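Trainee: Could we go through the cysteine pairs together? I'd like to see how each label is earned.

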Amino acid sequence: MTTDAETKRVDGAHLLRGLSGLQAGSCRIAAGARKKILIYDWQLNPSVYDKECMLEAARQLAIRHANTYIRILLGDTEPIRAGGSRMLDLVRRLPSSMEIRLRAEQLAGDLRNYMLVDDTSYVYCQVWHDLNSCMLEEANPSRVRELAAEFSRAWEQSAADPGLRQLSI
């Protein structure tokens with residue numbers, strides 16, 4: 001649960017303050033996912049996505065039902081290729097429900113990060129490396145539809161990164 005020190009309410013949205021606000025808000029809405037999680041992130045920030053609460057929320061969603069899914073679009077996969085990622089490990093264990101793609105080249109200049117949960121909730125950061133530019137809304141289906149349409153277009157233009165495949169020996 002986010003605290004007053006981690007958020008500030010502005011026009012129906014919560015402004016998330018720093019890393020602790022982003023972590024708490026992201027975990028809270030991911031834990032409520034029933035159908036899907038869409039992640040549009042520059043580098044799959046391990047301080048957010050490798051936290052136990054996020055991994056457990058993703059795992060629970062992935063195993064809940066055959067029609068649930070998690071899709072992740074990244075701008076740069078080098079950090080998780082080089083340093084590993086617990087979320088990447090989970091994707092590799094649950095490939096029927098989870099998938100990661102590298103954004104198409106024409107999207108390289110997009111510095112936003114966002115996570116959409118089902119059809120109502122989102123966390124949105126205007127600039128991926130500015131943790132004070134993030135907001136959360138839990139009941140804004142029109143904004144989620146708008147971002148989901150952008151995500152869908154980006155997903156269709158993007159492809160799996162062969163460097164993220166795990167080789168079996």
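Mentor: Gladly. In this predicted model, a disulfide joins C125 to C134, with an S to S distance of 2.0 Å.

Trainee: What makes C125 and C134 a disulfide?

Mentor: The sulfur atoms must lie within 2.5 Å. C125 and C134 have an S to S distance of 2.0 Å, so the pair is called a disulfide. With 105 degrees about the S-S bond, this link of C125 and C134 is right-handed.

Trainee: Why is C125 called buried?

Mentor: Buried means under 20% relative accessible area. C125 has 4%, so the label fits. Its partner C134 counts as buried too, at 1% relative accessibility.

Trainee: How do you know that C27 and C53 are joined?

Mentor: By the same cut-off of 2.5 Å: their S to S distance is 1.8 Å, so C27 and C53 form a disulfide. The pair links distant parts of the chain, with C27 in helix α1 (residues 18–31) and C53 in helix α3 (residues 52–64), 26 residues apart.

Trainee: Why is the disulfide of C27 and C53 called right-handed?

Mentor: Because the torsion about the S-S bond is about 50 degrees.

Trainee: Is C53 buried, partly exposed or exposed?

Mentor: Partly exposed: its relative accessible area is 35%, and that class runs between 20% and 50%. C27, with 9%, is under 20% and therefore buried.

Trainee: How many disulfides are there, and what is the pairing?

Mentor: The structure holds 2 disulfides. Numbering the bonded cysteines in sequence order gives the pairing 1-2, 3-4.

Key. Residues numbered from 1 in each chain as written. Predicted model: local features only at pLDDT ≥ 70, side-chain atom pairs only at ≥ 80, totals over all residues. Heavy atoms only, no water. Helix = DSSP H or I, 4+ residues; strand = E, 2+ residues; numbered from the N terminus. Buried < 20%, exposed > 50% of the residue type's maximum accessible area, 1.4 Å probe, protein only.
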